[in-house]
Amino acid sequence: MRVAVYRLRGEKDDFEHEIYSTILRYNGIEVIEFDYATPDLMQILRDSDAIVLKWGHSHNEHQFVRTYLPILDFQMRKRIFPDYKTCWHYDDKVKQDLLLKQAGFPFVESWLFYDKQQALDWAETASYPLVFKLAQGAGSFNVFLVKNKIYARKLIRQMFGVGRHLNTMSLAERFGLVNKNLNKLLRYYRREIYSRWLDQEHIGLWSKQKNYIYFQKFCPGNEYDTRVTTAGLRAHAFRRFVRKGDFRASGGNTWDINPENIDLRMVRLALDISKHFGFQSMAYDFVYDETGEPRIVEMSYMYGGAGYPDFMNGYWDFDLTWHPGRFWPQYFELADLLPELSLTCPELETRTGYRHAKIIGNN
Ligand SMILES: Nc1ncnc2c1ncn2[C@@H]1O[C@H](COP(=O)(O)OP(=O)(O)O)[C@@H](O)[C@H]1O
Ligand SMILES: [Mg+2]
């Protein structure tokens with residue numbers, strides 16, 4: 001048995017790759033490493049019994065997966081994580097919105113336009129505030145509160161004009177996201193200048209988005225969002241608190257992982273949605289709408305990394321029975337991909353890329 005495991009290109013450490021490989025090798029399985037520029041890639045993939053291709057936000061990865069995955073999944077019928085149905089909508093909130101709503105699941109109310117004049121007309125009578133989002137983005141990048149029609153009009157003209165780079169915000173937008181912290185602001189510009197001008201080959205997000213605009217209804221009064229993550233039909237959840245004086249939680253890095261504080265309606269919904277669509281894994285971001293009902297604002301097959309804080313203290317099964325313990329989503333993903341092997345999980349070290357993470361409720 002040989003499994004091809006994707007490795008981030010050009011990175012010294014790739015914790016996810018290490019976790020998958022360690023589990024596989026511990027179970028006596030041969031691991032072949034690949035990235036999107038490996039020579040003879042198709043041959044390597046063809047010769048593998050299964051493929052683990054956990055890919056992220058970078059445009060190079062998007063480009064690679066869009067090209068290869070349909071062939072691997074539909075033509076070559078490879079056993080692959082993630083498969084097409086799990087990730088064709090990854091990192092695209094518009095696709096997620098349309099997919100979930102047509103099946104009757106509670107995605108937040110939204111407005112999508114592909115025509116400038118239609119958007120401008122609508123903005124005249126819309127009720128504010130609204131949330132503007134680019135389809136792509138993470139860590140609350142590209143998610144903004146639109147308090148009035150002046151800002152809405154400006155965004156519409158921009159989106160149907162020069163467009164928006166995925167990593168570029170105005171000074172005011174950026175200042176808000178870093179909690180008015182000057183040091184963080186300078187760090188951002190240093191990185192931005194380096195990647196945009198000095199090292200263009202390795203810039204992660206090189207595209208612009210334009211000629212559409214997407215708004216969501218603003219759900220007021222949420223002090224946290226709840227991220228419910230499924231791996232197969234097991235779910236873990238934690239709450240992420242919003243930044244001080246802001247409405248955005250994602251990327252803020254203060255978490256509560258106590259399962260007693262989780263609204264089980266959200267866990268139920270996450271498990272039902274993942275089952276309905278056959279998602280191998282999925283992380284759902286929930287907020288409450290003004291009537292107190294859970295609403296999904298985005299979903300992502302990709303989450304976690306080195307296992308912090310996902311599945312740190314247990315999981316719910318499909319019947320909402322809680323199973324306490326330290327679990328690894330990567331182990332669940334592999335166990336579901338290769339069920340006949342009855343894989344066992346070795347002791348793994350928890351690491352984190354979140355330098356300023358605060359974690360509470362760790363029982
Ligand atoms: N419609 C909304 N109403 C209220 N808060 C929202 C809404 N959409 C997003 N948020 C907040 O903004 C954060 C970032 O939004 P999200 O869509 O999850 O983008 P990202 O991909 O950057 O994580 C969320 O974690 C949530 O706290
Ligand atoms: Mg999010």
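**Exercise 1. A pair across two strands**

Task: Find which residue is the bridge partner of Tyr6 in strand 2.

Solution. In strand 2, Tyr6 has Phe34 as its bridge partner. Before going on, note that this is a predicted model: local features need pLDDT of at least 70, side-chain atom pairs count only at pLDDT 80 or more, and totals for chains, interfaces and linings use all residues. Residues are numbered from 1 along each chain as its sequence is written, while chains are lettered from A and ligands numbered from 1 in the order in which they are written.

Strands are DSSP runs of E with at least two residues; helices are DSSP runs of H or I with at least four; both are numbered from the N terminus. Two strands pair if DSSP finds at least two bridges between them. Strand 1 (residues 2-6) pairs with strand 2 in the parallel sense, over five bridges.

**Exercise 2. The parallel sheet**

Task: State the order of the four strands in the open sheet with parallel pairing. Then explain why strand 2 and strand 4 each have one side without a neighbour in the sheet.

Solution. Step one: the order is 2-1-3-4. Step two: strand 2 (30-34) and strand 4 (79-81) stand at the edges, and each has a single partner strand, so one side of each is left without a neighbour in the sheet. Step three: neighbouring strands here are turned by 20° against each other on average, direction ignored. Axes are lines fitted to C-alpha atoms, for helices over the stretch in contact; angles run from 0 to 180 degrees between N-to-C directions.

Step four: add the helix. Helix 1 (residues 15-26) packs on the sheet and touches strand 1, strand 2 and strand 3 (50-52). The direction of helix 1 makes about 170° with that of strand 1. Two residues are in contact if their C-beta atoms, placed from the backbone, lie within 7 Å.

**Exercise 3. The antiparallel sheet**

Task: Work out which strands are the edge strands in the sheet of order 5-10-6-7.

Solution. This open sheet has four strands and antiparallel pairing. Strand 5 (110-113) and strand 7 are the edge strands, each pairing on one side only. Neighbouring strands are turned by 25° against each other on average, direction ignored. Strand 6 and strand 10 run antiparallel and are joined by three bridges. Phe132 has Phe215 as its bridge partner in strand 10.

**Exercise 4. Domains and the ligand**

Task: Locate ligand 1 with respect to the domains, and say why it lies there.

Solution. Start with the division. The chain falls into domain 1 (2-87), domain 2 (93-98 + 106-217) and domain 3 (224-360). These bounds come from an automatic or database domain assignment. The centres of domain 2 and domain 3, taken over C-alpha atoms, are separated by 26 Å. 13 residues of domain 2 are in contact with 14 residues of domain 3. On the domain 2 side, helix 5 (93-102) and strand 7 (143-146) give two or more residues.

Now the ligand. 24 residues surround ligand 1, and the closest are Cys219, Arg248, Ala249, Ser250 and Val297. A residue is near a molecule if its C-beta atom, placed from the backbone, lies within 6 Å of it. Strand 6 (130-133), strand 10 (213-217), strand 14 (281-288) and strand 15 (294-300) give two or more residues to the shell. Domain 2 and domain 3 both give residues to this shell, so ligand 1 lies between them.

**Exercise 5. Backbone exceptions**

Task: Decide whether Arg77 is buried or exposed, and do likewise for Asp91.

Solution. Begin with the rule. Most residues other than glycine have a negative phi, and most peptide bonds are trans. Arg77 has a positive phi, near 50°. Asp91 also has a positive phi, about 60°.

Next, burial. A residue is buried if 20 or more other C-beta atoms lie within 10 Å of its own, exposed if 12 or fewer, and partly exposed in between; C-beta atoms are placed from the backbone. Arg77 has 8 C-beta neighbours inside 10 Å, so Arg77 counts as exposed. Asp91 has 22 other C-beta atoms within 10 Å, so Asp91 is buried. Arg77 lies in the loop between helix 3 (59-75) and strand 4; Asp91 lies in the loop between helix 4 and helix 5.

Last, the peptide bonds. The bond from Phe81 to Pro82 is cis, with omega near -5°. The bond from Tyr128 to Pro129 is cis, with omega near 5°.
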